[in-house]
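Reader: I have a structure open on my screen and would like to learn how to read it. Could you walk me through it step by step?

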Amino acid sequence: MRTTHRAYADEAGDFNRICRFIIDNPEALRAYSTWCLGRFVDWKYGLWGTKLATPGFWQKNAHLWFDGFGELAGFAISEEGGADFAIITRLG
């Protein structure tokens with residue numbers, strides 16, 4: 001199936017989209033990563049570090065993939081904007 005991808009965009013509703021993805025796919029998150037809903041919310045709204053002072057931090061550090069039906073199929077995310085990142089996908 002063909003996929004499309006783009007950078008994270010608040011104006012496109014991506015915060016809610018990723019939250020729903022995490023809630024709907026707990027087996028993928030907990031079995032294969034250390035990410036959870038709380039960690040994602042902290043990534044977006046945590047008030048520590050330099051994220052809030054870095055223009056475009058969220059757009060530069062999260063990338064979303066969509067399936068042929070326009071549904072979120074997965075995302076890549078860097079917690080602090082460094083070279084480390086996680087790739088989270090649906091199972092199956």
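Reader: How many of the residues in the chain are buried, as a percentage?

Author: Keep in mind that this is a predicted model. Buried means under 20% relative accessible area. By that rule, buried residues make up 37% of the 92 residues in the chain.

Reader: And what does the surface look like in numbers?

Author: The chain has an accessible surface of about 5,600 Å². Carbon and sulfur atoms account for 58% of that surface.

Reader: How do I judge the overall size?

Author: Start with the radius of gyration and compare it with what a compact globule would have. For 92 residues that would be near 12 Å, and the chain has 13 Å, which agrees. You can also look along the principal axes, where the C-alpha trace spans about 40 × 25 × 25 Å.

Reader: Which helices and strands should I look for, and in what order?

Author: Follow the chain from the N terminus and the elements run β-α-α-α-α-β-β-β. That gives four helices and four strands.

Reader: What share of the contacts join residues at least 24 apart in sequence?

Author: Count just the contacts between residues at least 6 apart in sequence: 49% of them join residues at least 24 apart.

Reader: Let me try one helix. Which residues of helix H1 are buried?

Author: Helix H1 covers residues 14-24, and its buried residues are Asp14, Phe15, Ile18, Cys19, Phe21 and Ile22. They cover an arc of only 160 degrees around the axis, so they are on the same side of H1.

Reader: What covers the buried residues of H1?

Author: The cover includes elements from both ends of the chain's numbering: strand S1 (4-7), helix H2 (26-32), helix H3 (37-45), strand S2 (62-66), strand S3 (72-77) and strand S4 (86-89).

Reader: Which residues are buried in H3?

Author: In H3 they are Phe40, Trp43 and Lys44. Their arc around the axis is only 90 degrees, which puts them on the same side of H3. The buried residues of H3 pack against H1, helix H4 (57-60), S2 and S3.

Reader: Now a single residue. Is asparagine 61 buried or exposed?

Author: First find its place: asparagine 61 lies in the loop between H4 and S2. With 12% relative accessibility, asparagine 61 counts as buried. To see what is around it, skip the neighbours within four places in sequence; asparagine 61 is then in contact with Trp43, Ala76, Ile77, Ser78 and Gly81.

Reader: What about alanine 62: where does it lie?

Author: Alanine 62 lies in strand S2. Its relative accessible area is 4%, so alanine 62 is buried. Beyond neighbours within four places in sequence, alanine 62 is in contact with Ala7, Tyr8, Trp43, Ala76 and Ile77. You can check a distance too: the C-alpha atoms of alanine 62 and glutamate 79 are separated by 8.8 Å, with their positions 17 residues apart along the chain.

Reader: And glutamate 11, is that one buried or exposed?

Author: Glutamate 11 has a relative accessible area of 72%, so it is exposed. Look for glutamate 11 in the loop between S1 and H1. From glutamate 11 to glycine 81, 70 residues apart along the chain, the C-alpha atoms are separated by 21 Å.

Reader: One last thing: how far apart are the mean positions of the positive and negative charges?

Author: They are 2 Å apart, taken over 10 positive and 11 negative charges of the chain.

How values were computed
Residues are numbered from 1 along each chain as its sequence is written. This is a predicted model: local features need pLDDT of at least 70, side-chain atom pairs count only at pLDDT 80 or more; totals for chains, interfaces and linings use all residues. Side-chain values use heavy atoms; hydrogens and water are left out. Helices (H or I, at least four residues) and strands (E, at least two) are DSSP runs, numbered from the N terminus. The radius of gyration is taken over C-alpha atoms; the globule rule is 2.2 Å times the number of residues to the power 0.38. Buried means under 20% relative accessible area, exposed over 50%, partly exposed in between (1.4 Å probe, protein chains only). Contact means heavy atoms within 4.5 Å. Accessible areas come from the Shrake-Rupley method with a 1.4 Å probe; for residues, only the protein chains shown count as cover. Lys and Arg count as positive and Asp and Glu as negative; His and the chain ends are not counted. The place of a charge is taken as NZ of Lys, CZ of Arg, CG of Asp or CD of Glu. The arc is that of the directions from the helix axis to the C-beta atoms.
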